[in-house]
Amino acid sequence: MNVGGEQQLVKEWHDLLARHAVVYQTLERELKAQHGIGVSEFEALEALACSENTQCRAQDLTDVVHLSQSAASRLIARMERNGLLERAICEADRRGILAVLTEEGRKRHLEAQPTHRSVLARTLRDAG
């Protein structure tokens with residue numbers, strides 16, 4: 001790769017990082033202020049709300065929220081303390097833990113969804 005092409009590639013990478021930071025920080029700020037949840041909580045609620053039987057393996061939430069396993073475990077524990085989800089044993093694999101959306105979690109997701117979509121529209125479409 002020539003120097004000009006390499007510089008353009010690095011610039012595109014930095015532009016992507018900057019755009020991600022703007023979207024993420026705006027989502028975090030508005031979701032916290034209006035709904036008392038952060039981006040990771042919202043993404044976990046969204047995954048549960050869209051999954052079969054509003055539940056999924058806790059390990060699958062780790063992939064959805066893009067956190068380390070230990071950070072995702074803390075997130076799930078916090079969400080359980082806040083009444084947004086419950087943990088249950090997976091009947092198919094007794095070693096597995098399921099995260100199950102509660103009525104409060106469903107309610108919070110539905111309330112926060114318009115805020116989430118509005119931020120995405122403003123930061124991705126309007127600025128894109």
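In which helix does Thr 115 lie? I began my entries with this residue, in what is a predicted model.

**Entry 1: Thr 115**

I located Thr 115 in helix α5, which covers residues 103-126. I then asked whether Thr 115 is buried or exposed. Its relative accessibility is 10%, and because the limit for buried is under 20%, I recorded Thr 115 as buried. Next I looked up its partners, setting aside residues up to four places away in sequence: Thr 115 touches Glu 30, Leu 31, Gln 34 and His 35. With one of these, Gln 34, I noted a side-chain to side-chain polar contact of 3.2 Å.

**Entry 2: Glu 41**

I turned to Glu 41 and found it in helix α2, residues 39-50. Is this glutamate buried or exposed? Glu 41 has a relative accessibility of 10% and counts as buried. What lies 2.9 Å from a polar atom of its side chain? I found the backbone nitrogen of Gly 38 at that distance. Beyond its neighbours within four places in sequence, I listed Leu 75, Arg 78 and Met 79 as the contacts of Glu 41.

**Entry 3: Cysteines**

I searched for disulfides and obtained a count of zero. Why does Cys 50 form no such bond? The closest cysteine sulfur, in Cys 56, is 11 Å from the sulfur of Cys 50, which is too far for a bond; a disulfide would need the two sulfur atoms within 2.5 Å. I checked the pair from the other side as well: Cys 56 is in no disulfide, and its nearest cysteine sulfur is that of Cys 50, 11 Å away.

I also looked up the accessibility of both residues. Cys 50 has a relative accessible area of 62% and is therefore exposed, the limit for exposed being over 50%. Cys 56, at 13% relative accessibility, counts as buried.

**Entry 4: Nonpolar surface patch**

Which residues make the nonpolar surface patch of about 320 Å²? I identified Trp 13, Leu 16 and Leu 17. I followed up Trp 13, which lies in helix α1, residues 3-35. Its relative accessible area is 48%, so I entered Trp 13 as partly exposed; that class lies between the limits for buried, under 20%, and exposed, over 50%.

**Entry 5: Summary of accessibility**

For reference, I set down the classes together. Thr 115 is buried, as are Glu 41 and Cys 56. Trp 13 is partly exposed, and Cys 50 is exposed.

Technical notes
Residues numbered from 1 in each chain as written. Predicted model: local features only at pLDDT ≥ 70, side-chain atom pairs only at ≥ 80, totals over all residues. Heavy atoms only, no water. Buried < 20%, exposed > 50% of the residue type's maximum accessible area, 1.4 Å probe, protein only. Patch = residues over 30% accessible without salt bridge, like charges linked within 9 Å, V, L, I, M, F, W, Y side chains within 5 Å. Areas by Shrake-Rupley, 256 points an atom, 1.4 Å probe, with all protein chains shown as cover. Salt bridge = Lys/Arg side-chain N within 4 Å of Asp/Glu carboxyl O. Helix = DSSP H or I, 4+ residues; strand = E, 2+ residues; numbered from the N terminus. Polar contact = N/O pair within 3.5 Å; in protein donor to acceptor, adjacent residues only side chain to side chain. Contact = heavy atoms within 4.5 Å.
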